[in-house]
Amino acid sequence: MIWTRKHLLDIESLSVEELATLLDTAMAFKSVGERAIKKVPALRGKTVVNLFVEPSTRTRISFELSEQRLSADIIDFTAEASSLKKGETLKDTARTLEALNADFIVIRHSASGAPHFLSRVLDAHVINAGDGAHEHPTQALLDMLTIREKKGRIAGLNVTILGDILYSRVARSDIWALTKLGAHVTLCGPSTLVPKSFERLGCRVTHRLEEAIRDADVINLLRIQHERQRRSMFPSLNEYVNLFGLSKQRLALTKPDAMIMHPGPVNRGVEIDSDIADGERSVILQQVTNGLAVRMAALFLINGGGGPQAVAV
Amino acid sequence: MNTPSSSGGSAPPGEPGAGTVLLNEGGIQRALTRIAHEIAERNEDSSKVILLGIPAGGAPLSARIAKTLEGIWNHPVPQGVLDISMHRDDLDQRAAPQVWPTHIPADVTGKTVVLVDDVLYSGRTIRAAMDSLNDFGRPAQIQLAALVDRGHRELPIKADFVGKNVPTARSEKVTVRLKEFTGTDEVVLERGGGES
């Protein structure tokens, strides 16, 4: 299929074909990281601004390395050391960056919809690197790539997302991607963090861990996001660990080939037992590697200038 | 992933029968056999040769030539795929091209790499292929095999081994259909259409 999108703002609006193209392209880019020279000239001469208004380490360095591997020039713009601290609006910041001839803006922001807003006011390509509790599309793409690599498919798999669903942009993007690609999604966690309303997205919702993990082919653990919770959503961390932490005893209840995912950073001993995070069922580090591939693929695809697809001549 | 039936022109799959058939199944087979013999004749040290096909069409052609060469040389011939899309010079002028996984079967440094493509046209693909290959090592020599050479070079590049030379107009399209993708083997010249 011919890629026509100028931005990558969310998973919700992507078609199944677009998701498949992103994943296929990412597979091809994955091998670039395994070469002696881990760099291709696809974005040579292009400028990418990484506008991280909300703190991030892993997503930021993953984007940065992906951009470097595509030979782009990079400007880092973080909230702590910027004019945003001095009261500049997002629009003014972005227009200033565009006046410097930025071709791409990768934005992480605490407000849902900030990337969509930028895409309307700027000419540059915009990539959403996480907006509030809304979406984190590249995380969902790397999750899909990892599942597809390990399981050979996504359609028909039972995927359980466990933990803080309410405040998680990763959960929302994952739910969109998984349901579009034909997986059966189960959400599980405390009722305050996993409201029944998520059933409207086509998921099964349960508050009993054993029921959620028994038939799962994939278990995706999400971090408890203390920073996004306005009030305490469960009585204590200990109670959460007792009821929903993935312990060795509970792992024994799962299918022997169930794979364990986590977007990081991991709270060892809270949502996941430390040994499980390092165990052979865990694909946490493969997820990190695949993050580079999907981010390279996303940058490469939206860079296209429109019109007919380039053909080999 | 798409399995395009064509390259050298932007013709979509389908429309069989339209245009003039330049090579039929037997013609393609004879052309590839001849190319294999010419490669064997040119390269006395058979242990140095690595074949790399350029996707989409070049990949199956490279595999077929390698098989014939194995019969001539009586030893396996390393054969792989070299994607060139990340090294194209028109990336911001067109929609993003399809990217194929690259597979290089052995270290290319000091070896003779034979690039295999289905249609040689402007030469820009081959320029991109040579740039891409650079990232994997320094071959002693790079040679080029093309099933069809349709002319209209835009760069100083020429093929070492050609299946069929076909004079064409720029408005025409050369479509290569291969069994691996569409179940049929044929090369068709289609008139009209736009610049490809």
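Student: Let's start with A:Phe29: does it count as buried or exposed?
Tutor: Keep in mind that this is a predicted model. The cut-off for buried is under 20% relative accessible area. A:Phe29 has a relative accessibility of 1%, so it counts as buried.

Student: How many aromatic pairs does the structure hold over all chains?
Tutor: The criterion for a pair is ring centres that lie within 6.5 Å. Over all chains, the number of aromatic pairs is two.

Student: What kind of aromatic pair do A:Phe29 and A:Phe300 form?
Tutor: Their ring centres are 5.1 Å apart, with 65° between the planes. Planes over 60 degrees apart put a pair in one particular class. The pair of A:Phe29 and A:Phe300 is therefore edge-to-face.

Student: How many residues apart in sequence are the parts that this pair ties together?
Tutor: A:Phe29 belongs to helix H1 of chain A, while A:Phe300 sits in helix H11 (residues 284-302) of chain A. A:Phe300 is buried, at a relative accessible area of 2%. Because the two rings lie in these two helices, the pair ties together parts whose separation in sequence is 271 residues.

Student: What class does the pair of A:Tyr240 and A:Phe244 fall into?
Tutor: The two ring centres lie 5.6 Å apart and the planes meet at 40°. That angle is neither under 30 degrees nor over 60. So the pair of A:Tyr240 and A:Phe244 is tilted.

Student: Which helix holds A:Tyr240 and A:Phe244?
Tutor: These two residues are four apart, a separation of about one helical turn. A:Tyr240 is buried at 2% relative accessibility, and A:Phe244 is buried at 6%. The helix that holds them, residues 237-244 of chain A, is H8.

Student: Turning to charges, which residue forms a salt bridge with A:Glu18?
Tutor: The closest N and O atoms of the pair are 2.8 Å apart, and the cut-off is 4 Å. A:Glu18 lies in helix H1 (residues 16-30) of chain A, and its partner comes from the segment before H1, 13 residues away. A:Glu18 is buried at 8%, whereas the partner is partly exposed at 26%. That partner is A:Arg5.

Student: About how many helical turns separate B:Glu38 and B:Arg34?
Tutor: Their side chains meet in a salt bridge, 3.2 Å from N to O. B:Glu38 is partly exposed at 26%, and B:Arg34 is partly exposed at 36%. Because they are four residues apart in helix H1 (residues 25-42) of chain B, their separation is about one helical turn.

Student: Is B:Asp90 buried or exposed?
Tutor: B:Asp90 makes a salt bridge with B:Arg88, with the closest N and O atoms 2.9 Å apart. B:Arg88 counts as buried at 15%. With a relative accessible area of 11%, B:Asp90 is buried.

Student: Which residues are linked with B:Asp89 in a network of salt bridges?
Tutor: A search of the whole structure finds 29 salt bridges over all chains. The residues linked with B:Asp89 in a network are B:Arg124, B:Glu154 and B:Arg170.

Student: Over the face of which ring does B:Arg150 lie?
Tutor: Chain A offers a case of this kind, where A:Arg295 lies over the face of A:Phe63 at 5.0 Å from the ring centre. For B:Arg150, the distance to the ring centre is 3.9 Å, and the ring is that of B:Tyr121.

Terms used
Residues numbered from 1 in each chain as written. Chains lettered and ligands numbered in written order. Predicted model: local features only at pLDDT ≥ 70, side-chain atom pairs only at ≥ 80, totals over all residues. Heavy atoms only, no water. Buried < 20%, exposed > 50% of the residue type's maximum accessible area, 1.4 Å probe, protein only. Phe/Tyr/Trp six-rings, centres within 6.5 Å; stacked < 30°, edge-to-face > 60°. Lys NZ or Arg CZ within 6 Å of the ring centre and 35° of its normal.
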